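Trainee: I would like to go through this structure with you, one question at a time. Where should we begin?

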Amino acid sequence: MKILQLFEHPLELKAVLKLKYLREPLFRTAKDTSETPELKRCYELLEGTSRSFSAVIMELHPELRNSVMLFYLILRALDTVEDDMTINPKIKVPLLRNFWKKLELTEWNFTGNSEQEKDRPVLLEFTNILKEYHKLKPDYQLVIKDITNKMGNGMADYVLDEQFNLNGLETVADYDLYCHYVAGLVGDGLTRLIVLANFGSHDLYDESESLFESMGLFLQKTNIIRDYAEDLDDGRSFWPREIWSQYVDELADLAKPEYLDEGVYCINHLVLNALSHVQDVLTYLSSIHEQSSFQFCAIPQVMAIATLALVFGNKKVLQTNIKIRKGTTCYLILKSRTFRGCVEIFEYYLRDIRKRITVDDPNYLKMNMQIARLDQFIEEMYQNHLPESVKPQETAIYQRVQERSAYDLEMLPVLQEEEFKFNMLLSMFLTLIAALNYYFGGWVR
């Protein structure tokens, strides 16, 4: 992390210090992540695949922690098979389609990955995962097995899809379907686990498929927009032709200097498409009641809206992979611990996008209308600006947010204590600096 960059953004510096030294994890994890050698090894594999994801999982409620960890490792194993271009399709496709059946075994591993595959150990040591998987509650096992089945078959379909492999995604519907298989299904599985654990409203899963689907699609579409240059270098394409063909004849043309404006307009068009999921995302988050599950769901979403604001109108996307500052990440992690904080994050970045869109952008009106609809939806959530004589309308989202706000109040003392400790330490530090300056300054004189 660049120290000078932090001093240029004092709120982020404060967040880094709070996160590193003052914030207490919701649950202690030392004992229940190493009860058996197999469980300990599973968490080591998790750390090896993704340190950032590992950190978030480790803070989950013990009721869900092992289930989500194993869910992640199983899907990571599936993804490692799909990603490895050295595996013959005659081996790969049947393995993907039947991977869920491996979960019925007590011992199994796969040695057919290239040695260059970073996550090869997950498949080599899959027996450790199986042993812990069979210790989960039966309902949790069924959810993981069902999603593994659906995702494996979806991946196999794409391996065999010559049109996709040659030309990428054609329509926006294709784009949504692809994101469903790689991310929407994850949202499906996690939502079912949360509901089974009684950590969210009981109708969260049954009320509307679009809620958990949007949670996955919002994240995946953000990553696809950001990763344009990296994917192009790897010979892949996930931007749908239906959108990019409105600006250039070939997808790679967007990176050429003569098509700079068209490239930026195309990025903004894709951001507009991604913003169509924000209302569902906020509705979903308002329905999570248990704090660690809420933070687990909220953190990726606020990172996504911050990333969308970063890529919006940003020509650098066409040349390289860009990311939000680490200081910003720390600030978002702390801010998103309440639903009100999440809403404020979304409001901030939506305003940022709206003020930067130019009149000559082909989607100028559509973008302003989309953000205006989201502003109206957020106003409906809280209805804080009504005259005193007017009662709030008891809409479904208003009632959800009122219920969720009660859980936010439980988090308030924790946030206040952190702020108090930070201010105390800052006062002590400044007092020490002043004393040293007075003493040594006086001595020199």
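Mentor: With the domains. This is a predicted model, and its domain assignment gives domain 1 and domain 2.

Trainee: Which residues does the domain assignment give to domain 1 and to domain 2?

Mentor: Domain 1 is a single stretch, 34-160. Domain 2 is written as two segments, 166-381 + 396-410.

Trainee: How far apart do the C-alpha centres of the two domains lie?

Mentor: The two domains touch, with 20 residues of domain 1 in contact with 21 residues of domain 2. Their C-alpha centres are separated by 26 Å.

Trainee: How much area do domain 1 and domain 2 bury between them, and which residues of domain 1 lose the most?

Mentor: The size of an interface is often given as the accessible area lost when the parts come together. Here that comes to about 1,900 Å², with 79% of it on carbon and sulfur atoms. On the domain 1 side, 26% of the buried area comes from three residues together, those that lose the most to domain 2: Leu64, Val143 and Tyr158.

Trainee: Which side chains meet in a salt bridge, and at what N to O distance?

Mentor: Across the interface of domain 1 and domain 2 the rule finds three residue pairs in polar contact, both residues of a pair being at pLDDT 80 or more. It also finds one salt bridge across this interface. Asp146 falls within domain 1 and Arg192 within domain 2, going by the assigned bounds. The side chains of these two residues form a salt bridge, N to O, at 2.8 Å.

Trainee: Which helix gives the most to the side of domain 1 that touches domain 2?

Mentor: The helices that each supply at least two residues to that side are α4 (51-58), α5 (62-83) and α10 (138-160). The one that gives the most, with nine residues, is α10.

Trainee: Why does the largest nonpolar core lie between the domains, and which helix gives the most to it?

Mentor: The core has 130 residues, and those with the most contacts inside it are Phe99, Trp239, Leu254 and Val271. Both domain 1 and domain 2 give residues to this core, so it lies between them. The helix that gives the most, 13 residues, spans 291-311 and is α19.

Trainee: What does Trp239 touch, not counting residues up to four places away in sequence?

Mentor: Trp239 is one of the residues with the most contacts inside the core. Its partners include Leu254, which is also on that list. The others are Leu169, Ile224, Ile225, Tyr228, Trp244, Leu251, Cys266, Ile267, Leu270 and Leu318.

Trainee: Is Ser287 buried or exposed, and which backbone oxygen does its side chain reach?

Mentor: Ser287 sits in the loop between α18 (278-285) and α19. Its relative accessible area is 1%, under the 20% cut-off, so Ser287 is buried. Leaving aside neighbours within four places in sequence, Ser287 contacts Gly200, Ser201, Leu204 and Arg400. Its side chain reaches, at 3.0 Å, the backbone oxygen of Thr283.

Trainee: Asn198 has a positive phi without being a glycine; is Asn198 buried or exposed?

Mentor: Phi of Asn198 is near 60°, and the residue is in the loop between α12 (172-196) and α13 (204-207). Its relative accessible area is 54%, over the 50% cut-off, so Asn198 is exposed.

Trainee: Gln383 also has a positive phi; is Gln383 buried or exposed?

Mentor: Gln383, with phi of about 50°, is in the loop between α22 (364-382) and α23 (396-444). At 11% relative accessibility it falls under the 20% cut-off, so Gln383 counts as buried.

Key
Residues are numbered from 1 along each chain as its sequence is written. This is a predicted model: local features need pLDDT of at least 70, side-chain atom pairs count only at pLDDT 80 or more; totals for chains, interfaces and linings use all residues. Side-chain values use heavy atoms; hydrogens and water are left out. A nonpolar core is a set of buried Ala, Val, Leu, Ile, Met, Phe, Trp, Tyr and Cys residues joined through side-chain atoms within 4.5 Å. Buried means under 20% relative accessible area, exposed over 50%, partly exposed in between (1.4 Å probe, protein chains only). Helices (H or I, at least four residues) and strands (E, at least two) are DSSP runs, numbered from the N terminus. Domain bounds come from an automatic or database domain assignment. Contact means heavy atoms within 4.5 Å. A polar contact is a pair of N or O atoms within 3.5 Å; within protein, one must be able to donate a hydrogen and the other to accept it, and residues adjacent in sequence count only if both atoms are side-chain atoms. Buried area is the accessible area (1.4 Å probe) that two parts lose on being put together, summed over both. A salt bridge is a side-chain nitrogen of Lys or Arg within 4 Å of a carboxyl oxygen of Asp or Glu.
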